[in-house]
Amino acid sequence: MNIVVIGGAGFIGCNIADYYLKNRHNVTVFDNFSRKGTLQNLDWLLKRYKETSP
Ligand SMILES: NC(=O)c1ccc[n+]([C@@H]2O[C@H](COP(=O)([O-])OP(=O)(O)OC[C@H]3O[C@@H](n4cnc5c(N)ncnc54)[C@H](O)[C@@H]3O)[C@@H](O)[C@H]2O)c1
């Protein structure tokens with residue numbers, strides 16, 4: 001499935017994105033980074049799925 005996670009760099013969003021990536025779905029994260037520190041969540045996701053990200 002193709003999944004879009006709005007707020008996907010947030011606490012809940014990055015865990016939802018992780019769940020779907022783990023289950024081999026395509027995930028697009030949309031986030032305006034309005035909450036400080038959320039880029040770190042995105043870094044965490046990218047490191048976990050480095051080999052599969054475009
Ligand atoms: N380690 C922890 O225990 C921990 C860490 C983070 C958060 N929390 C708690 O968990 C709660 C739930 O987390 P959450 O995921 O709902 O909140 P969050 O703030 O972590 O995530 C919301 C995300 O939505 C993004 N966002 C906000 N407005 C947007 C918009 N208009 N367009 C696009 N993106 C937008 C923000 O940049 C952020 O990345 C938080 O309120 C906090 O109390 C706990």
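**Note on the predicted model: helix α1, the ligand shell and two loop residues**

1. With 8 C-beta neighbours inside 10 Å, R24 counts as exposed, because the limit for an exposed residue is 12 or fewer such atoms. This residue is found in the loop between α1 and β2, just after α1, and its phi is near 65°, a positive value in a residue other than glycine. Since the model is a predicted one, this backbone angle should be read as a property of the prediction.

2. A second residue of this kind is F33, which has a positive phi of about 55° although it is not a glycine. F33 lies in the loop between β2 and α2, and with 11 other C-beta atoms within 10 Å it is exposed.

3. Helix α1 covers residues 11-22, and its length can be checked against a simple expectation: at 1.5 Å a residue, its 12 residues should span 16 Å, and the end C-alpha atoms are 17 Å apart, which agrees.

4. Which residues of α1 are buried? They are G13, C14 and A17, and because they cover an arc of only 95° around the axis, they are placed on the same side of α1. An α-helix has 3.6 residues a turn, so residues three or four places apart point the same way. On the other side of α1, F11, I12 and K22 are exposed.

5. The buried residues of α1 pack against three elements, namely the strands β1 (2-6) and β2 (26-30) and the helix α2 (38-48). For C14, when residues up to four places away in sequence are left out, the contacts are G8, A9, N41, W44 and L45.

6. The largest nonpolar core consists of seven residues, V5, A9, C14, A17, V27, V29 and L45, and at least two residues of this core are supplied by α1 and at least two by β2. Two of the buried residues of α1, C14 and A17, are thus also listed in this core.

7. Around the ligand there are 14 residues, of which G7, G10, F11, I12 and T38 come nearest. By class, this shell holds six nonpolar, six polar and two charged residues. Helix α1 gives the most to the shell, with three residues; F11 and I12, named among the nearest residues to the ligand, are also among the exposed residues on the other side of α1 from the buried ones.

Notes: Residues numbered from 1 in each chain as written. Predicted model: local features only at pLDDT ≥ 70, side-chain atom pairs only at ≥ 80, totals over all residues. Near = placed C-beta within 6 Å. Helix = DSSP H or I, 4+ residues; strand = E, 2+ residues; numbered from the N terminus. Nonpolar A, V, L, I, M, F, W, Y, C, P; charged D, E, K, R; others polar. Expected span 1.5 Å × (residues − 1). Buried ≥ 20, exposed ≤ 12 C-beta atoms within 10 Å, placed from the backbone. Arc of directions from axis to C-beta. Contact = placed C-beta atoms within 7 Å. Core = buried A, V, L, I, M, F, W, Y, C linked by C-beta atoms within 7 Å.
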